[in-house]
Amino acid sequence: MPLFHGSQGCTSLALVLLVRHFKEAIPLQTTALDAVATILGGAGNLEEAILNLKRRAKPKLIGICTTALVETRGEDFAGDLTNIKRDRADELAGTEIVLASTPDFEGAIEEGWAKAVTSMIERITTQGEQSRDQKKIAILPGWHVTVADIELLRETVESFGLKPVILPDISGSLDGTVPDDRWVPTTYGGTPVGEIQELGTATQCIAIGEHMRRPAELLRTQTGVPYILFQSLTGLKRADRFVSLLSRISGAPVPASIRRRRAQLQDALLDGHFHFGGKKIAIAAEPDQLYQFATFFTGMGAKITAAVTTTGTSKILQEMPVESLQVGDLGDLEELAVDADLLVTHSHGRQAAERLGIPLMRVGFPIFDRLGSQHKITSLYQGTRDLIFDVSNIFQTNQRAPCARSLDPFRKGELPR
């Protein structure tokens, strides 16, 4: 059960965006700080909210995210939570409580996501060297890895006879399914607390996205599990590296089904590269997603003429295949994308695309004016193939028809009249 420590307005904004993006019920709760609690301190509201959730929903895990309201006041959240756990130990038995500092004035989605995963590993995962399960792989996907990507990752790992433990795993809770027997007040699906506790028994950790380096390093420090970081899983070479790693860990050959997907991607590369050559692309995204799509487009022969991101602290920005990069917003993107052939960002970029007369490819969060965004695959062979088809079709649909004058064979003296 996620719990926002702040006012109702802070929670409502996040809840609306999440519901509109996923088209699913999101059990996001709030400590509902009012003016008095904001001034005098919100420890009482935090305790009351935790106890209410425990009594009514009986969650195995409560994840607390702080907001700018309480962070600005400078409260001692860790101390408050320690006191609550001590004083209410009997009532809270059987429920893990994890705290992540996530004010919206610091960082962006990537930092918040990484902090939440890091806090779960730090609080829940059993520390110390443990016996290794040679078939278990811990996977830490970044925020930009879709539900469909996670399902494909699981299927791919399992095809080698390995057992993936994915944290966090949104494929069981935000993939458009509902429980068979009854409605439940908490998030269903996901990674069980017991599996989070036993992450230290994995033989290998795979982190996806530069922002997941921190939780992967913490897991290695606490348990000794080695990690390998994939800055992106989009593209033939990166998919080859991932599949080769699984083959090496399992000692098994690459399954025929995966080899077939690779062959399909090779064919898609041949069919689609004609549509990408020389195209000008404008992208606004979080650093890791910007890197994912910038390397995809440049690998297909396009050029990134405008690149805007949310934060300048990510190490991945140093490897970005762009001439210039700006930390800014969609207003900056609109100014830089005047002569672009394609705009790549989330649904809030639709007005800029309309004003510029440029087609929009929706990626990231939020996507609220289209259905099925979480069911789009963007990783490995199959996801890269689908991206090639999607973008090629956008270019074909929006290509400019030649004017009558350009079809005149006598223009500029090409043929004698």
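Here are a few worked exercises on the predicted model shown above.

Some ground rules: residues are numbered from 1 along each chain as its sequence is written. Because this is a predicted model, local features need pLDDT of at least 70 and side-chain atom pairs count only at pLDDT 80 or more, while totals for chains, interfaces and linings use all residues; side-chain values use heavy atoms, with hydrogens and water left out.

**Exercise 1. Work out how compact the protein is for its 417 residues.**

Step 1: start with the inventory, which is 15 helices and 13 strands. These are DSSP runs numbered from the N terminus (H or I over at least four residues for helices, E over at least two for strands).

Step 2: compare sizes. The radius of gyration is 24 Å, close to the 22 Å of the globule rule, so the protein is as compact as a globular protein of that length. The radius is taken over C-alpha atoms, and the rule is 2.2 Å times the number of residues to the power 0.38.

Step 3: add the extents. Along its principal axes the C-alpha trace spans about 95 × 55 × 45 Å.

Step 4: look at burial. Buried residues make up 50% of the 417. Buried is under 20% relative accessible area, exposed is over 50%, and partly exposed is in between (1.4 Å probe, protein chains only).

**Exercise 2. Describe how helices α12 and α15 pack.**

Step 1: get the geometry. Helix α12 (residues 287-299) meets helix α15 (residues 380-397) at an angle of about 70°, with the axes 12 Å apart. Axes are lines fitted to C-alpha atoms, for helices over the stretch in contact, and angles run from 0 to 180 degrees between N-to-C directions.

Step 2: classify the angle. The two helices are therefore roughly perpendicular, a label for 65 to 115 degrees (under 35 is roughly parallel, over 145 roughly antiparallel, the rest oblique).

Step 3: list who touches whom. Phe293, Phe296 and Phe297 come from α12, and Thr384, Leu387, Ile388 and Val391 from α15. Contact here means heavy atoms within 4.5 Å.

**Exercise 3. Find where the cis peptide bonds before proline 168 and proline 366 sit.**

Step 1: leucine 167 and proline 168 are joined by a cis bond with omega about -5°. Proline 168 belongs to the loop between β6 (163-166) and α8 (193-197).

Step 2: phenylalanine 365 and proline 366 are joined by another, with omega about 0°. That proline 366 is in the loop between β13 (360-362) and α15.

**Exercise 4. Alanine 32 and leucine 380 have positive phi: place each one and say whether it is buried or exposed.**

Step 1: alanine 32 has phi of about 55° although it is not a glycine. Its home is the loop between β2 (29-30) and α2 (35-40), and at 30% relative accessible area alanine 32 is partly exposed.

Step 2: leucine 380, also not a glycine, has phi of about 60°. Leucine 380 lies in helix α15 and is buried, at 5%.

**Exercise 5. Which residues does alanine 282 touch, leaving out those up to four places away in sequence?**

Step 1: locate alanine 282 in strand β9 (residues 280-284), where its 0% relative accessibility counts as buried.

Step 2: read off the partners: Ala306, Leu333, Ala337, Ala340, Leu342, Leu343 and Val344.

Step 3: check one distance. Threonine 345 is 63 residues away in sequence, yet its C-alpha is 8.5 Å from that of alanine 282.
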